[in-house]
Amino acid sequence: MIDEMSMSELEADSLMEIFNIGVGHAAAAMSSIVNEEVRMSVPSIRITTRSEAADELGAGLSLCGISQQYKGAYATEAILMFPERASFEIVRMMVGDLIPADELGEMEREAMCEIGNIVLNACVGTLANMFQKELEGSLPVFRVGSSEQILNPGHDNADPSVLMLRIDFSLERQQIEGYLAFILDMSALRDLREQVRLYIARLESGMAPDGL
Amino acid sequence: MPEHILIVDDSRLSRMISRQYVLSLHKDWNIEEAATGEQAIDMAAEKQPYLILLDVNMPGMGGLAAAAILRQSHPDTHIVLLTANVQNSVQVQADQLGLGFLSKPIKEADIHAMLNALEPSV
């Protein structure tokens, strides 16, 4: 894995730790939205294709996904995914009694976009702060479909290798599981690796890193 | 005295939540809503709001560009960014423009604390 990414052990370790911190912020944001504890796994990181990643999630799974494209110091697509059947419950947990249930249905899609916007930005914003770089994010896009339709919406037949960071999370009380994924193409991986190197260099030169 | 507030967010849900949290502290305040920065600029000219709550990541010109214009045209209006974009660069720009900053998810306690900290209008 480290060889595939052309990263030293320290660089790979740093990348995992930086994402761990970002994921922690995403978990805090998610927890604040749904008012319950959110458990998140350690990020898994691997070189794969979008189709393979979709197969690993489960081909028969019907998901809703909220994705945002980020560009700047490096480019990445960030996707928050839930089982489709859980989305209304998550929105209901977010708004509580603020909005009547009969009005909520028509807002479900929009509400999920906002939830994705908050959770994804909590993570990506933390990473940008730690790298001391700005990332510009697109507006969130909402999709419903199979894991293949969510992770490979362009049906890219070439399906080139990408770096996939995946975090599984669960809302235990409601027994809802979800997934957070960051996808980088190989040129973006080189840019990300450069940011990790700069981060380590700042650390080694005694400059206090942001975000820790 | 009832105040006019403008809530600017492309998410209808977020506008509804912000509205509820403002009204839970000030039931008689008048709240207007806009979904883009462009709409906000037009509505601010008409309504002369006491406070503008402004999202950043929106279609069109976006919240920061709108804030820069609103800061010039309404120097006495309180403008507070209410955004999921927690990057330091956004907070620095907010400071430079003299804006408040609140991060999403929107919390009632944060809205109330911000409202309580504002100076009452004359």
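Start by selecting A:Leu10, A:Glu11, A:Ser14, A:Leu15 and A:Ile18 in helix H2 of chain A, then add A:Arg193, A:Val196, A:Arg197, A:Tyr199 and A:Ile200 in helix H8 of chain A: these two groups meet. Contact here is defined by C-beta atoms, placed from the backbone, that lie within 7 Å. Helices (H or I, at least four residues) and strands (E, at least two) are DSSP runs numbered from the N terminus. This is a predicted model, in which local features need pLDDT of at least 70 and side-chain atom pairs count only at pLDDT 80 or more, while totals for chains, interfaces and linings use all residues. Residues are numbered from 1 along each chain as its sequence is written, and chains are lettered from A and ligands numbered from 1 in the order in which they are written.

Now show the whole of H2(A), residues 9-34, and H8(A), residues 186-204: their axes come within 10 Å and cross at roughly 95 degrees. Axes are lines fitted to C-alpha atoms, for helices over the stretch in contact, and angles run from 0 to 180 degrees between N-to-C directions. H2(A) and H8(A) are therefore roughly perpendicular, the word for angles of 65 to 115 degrees, whereas under 35 is roughly parallel, over 145 roughly antiparallel and the rest oblique. Coloured by class, this contact has 6 nonpolar, 1 polar and 3 charged residues. Ala, Val, Leu, Ile, Met, Phe, Trp, Tyr, Cys and Pro count as nonpolar, Asp, Glu, Lys and Arg as charged, and the others, Gly among them, as polar.

Next, go to the loop between H2 and strand E1 (38-40) of chain A and pick A:Asn35. Its phi is near 60 degrees, a positive value in a residue other than glycine. Is A:Asn35 buried or exposed? A:Asn35 counts as exposed because it has 12 C-beta neighbours inside 10 Å. The cut-offs are 20 or more other C-beta atoms within 10 Å for buried, 12 or fewer for exposed, and partly exposed in between, with C-beta atoms placed from the backbone.

For a contrast, select A:Ile90 in helix H4 (residues 87-95) of chain A. A:Ile90 counts as buried, with 22 C-beta neighbours inside 10 Å. Leaving aside residues up to four places away in sequence, A:Ile90 touches A:Val34, A:Phe82, A:Ile115 and A:Ile176. Add A:Leu171 too: it is 81 residues away from A:Ile90 along the chain, yet their C-alpha atoms are separated by 9.6 Å.

Time to cross between chains. The contact takes 21 residues from chain A and 17 residues from chain B. On the chain B side, helix H1 (12-23) and helix H4 (88-97) each supply at least two residues, and H1(B) gives the most, with 6 residues. By class, that side of chain B has 7 nonpolar, 8 polar and 2 charged residues.

Keep H1(B) selected and add helix H6 (residues 108-131) of chain A: the two pack at an angle of about 80 degrees, with their axes 8 Å apart. H6(A) and H1(B) are therefore roughly perpendicular to each other. To see where they touch, pick A:Glu110, A:Ala111 and A:Glu114 of H6(A) with B:Arg12, B:Leu13 and B:Ser14 of H1(B).

Now turn to the sheet in chain B. Which order do the strands follow? The order is E2-E1-E3-E4-E5, an open sheet of 5 strands with parallel pairing; strands pair if DSSP finds at least two bridges between them. Strand E2 (30-34) and strand E5 (100-103) are the edges, each pairing on one side only. From one strand to the next, the twist averages 20 degrees. Strand E1 (residues 4-8) and E2(B) pair over 5 bridges; to find one of them, select B:Ile5 and its bridge partner B:Ile31. Helix H2 (residues 37-47) of chain B packs on the sheet, touching E1, E2 and E3, and its direction makes about 175 degrees with that of E1(B).

Within H2(B)'s surroundings, choose B:Ala40, which touches residues including B:Leu6, B:Val8, B:Ala34 and B:Ile52. 

One last stop is the loop between E5 and helix H5 (108-117) of chain B, where B:Pro105 sits. A cis peptide bond joins B:Lys104 and B:Pro105, with omega about 5 degrees.
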